[in-house]
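Visitor: Please pick one part of this model and look at it closely, following its side chains outward to whatever they meet. I would like each criterion stated with its cut-offs as you go.

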Amino acid sequence: MSDDTVQPERASPEPAAAPKAPRFLVSRIAVVLIALMWVVAGVTKVYSLPDFSLLIERHGVLAPEWHGLAVALPFVELVIALLLVFAAGSELRKPFGRAVLALSLAGIIGFAYYLSLVPDAVLQESGCGCMGPRVASGMDNSVRIIAGVRTALLIALHLIALVGPIITMRRANPSRAA
């Protein structure tokens, strides 16, 4: 036989397709909504920082030496939003993503606790300051209800973001669930 004859190429077995990595779409949407809430809350407070500082004083919950926190709070909210964007990108299953979500959830629960300490009359007159100093001002008995509903929705979004990847991974790999 001559060396010029062309041997037909043998079909190499196709490599097994790697299983498609879960995208955690619902959890990522929940994280993006939470991040948007932090952005809106932080930006509205930054735009009216002096008014927000006065609102914190009017609430009468914090001692005067702690009123300086009102200046830092909007920037902390914006940092939390930025961290949530990183977590939504790829870190939902990893400790970093869970830690950021836990920090965000702790912030929501902390704000809810703070608002529970504000006297009703002050809250109805001044508003909660959740999304800036003028939001929910002058509303009769509905201020706490609005804040409570918003807080419950945010807690639900946090739970979806935290638990969603765990459930998805268990469904994708049932042998690890046991």
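Guide: A residue is called buried when its relative accessible area is under 20%, exposed when it is over 50%, and partly exposed in between, with a 1.4 Å probe and protein chains only. By that criterion K45 is buried, and E77 is buried as well. This is a predicted model, in which local features need pLDDT of at least 70 and side-chain atom pairs count only at pLDDT 80 or more, while totals for chains, interfaces and linings use all residues. Residues are numbered from 1 along each chain as its sequence is written, and side-chain values use heavy atoms, with hydrogens and water left out.

The part I have chosen is helix α1, residues 25–47, where helices are DSSP runs of H or I with at least four residues, numbered from the N terminus. K45 forms a salt bridge with E77 (a side-chain nitrogen of Lys or Arg within 4 Å of a carboxyl oxygen of Asp or Glu), and the closest N and O atoms of this pair are 2.7 Å apart. The bridge links distant parts of the chain, since K45 belongs to helix α1 and E77 to helix α3, 32 residues apart. A search of the whole structure finds one salt bridge.

Further back along α1 comes an aromatic contact, and the structure holds one aromatic pair. The ring centres of W38 and F111 lie 5.9 Å apart with their planes at 55 degrees, so the pair is tilted; rings of Phe, Tyr and Trp (its six-membered ring) pair if their centres lie within 6.5 Å, and planes under 30 degrees apart are stacked, over 60 edge-to-face, and the rest tilted. This pair, too, joins distant parts of the chain, W38 being in helix α1 and F111 in helix α4, 73 residues apart. W38 is buried because its relative accessible area is 1%, whereas F111 counts as partly exposed because its relative accessibility is 31%.

Another side of α1 meets the surface. V32 lies in this helix and is partly exposed, with a relative accessible area of 43%. Together with L25, I29, L33 and L36, V32 forms a nonpolar surface patch with about 470 Å² of accessible area.

The aromatic pair leads on to helix α4, residues 95–117, whose 23 residues reach 33 Å from first C-alpha to last, close to the 33 Å expected at 1.5 Å a residue, the expected span being 1.5 Å times one less than the number of residues. The buried residues of α4 include V100, L101, L105, I108 and L115.

I108 in turn has a partner in helix α6: T151 lies in that helix, residues 142–172, and, leaving aside neighbours within four places in sequence, T151 is in contact (heavy atoms within 4.5 Å) with I108 and A112. T151 is buried, at a relative accessible area of 18%. G148 is also found in helix α6, but G148 is partly exposed at 36%, and its C-alpha lies 9.8 Å from that of S116, 32 residues away in sequence.

Finally, the loop between α2 (49–59) and α3 (69–90) holds H67, so the route returns to the helix of E77. H67 counts as buried at 15% relative accessibility and, beyond residues up to four places away in sequence, touches I56, E57 and L62. The C-alpha atoms of H67 and L55, twelve residues apart along the chain, are separated by 9.9 Å.

Notes: Helix = DSSP H or I, 4+ residues; strand = E, 2+ residues; numbered from the N terminus. Patch = residues over 30% accessible without salt bridge, like charges linked within 9 Å, V, L, I, M, F, W, Y side chains within 5 Å. Areas by Shrake-Rupley, 256 points an atom, 1.4 Å probe, with all protein chains shown as cover.
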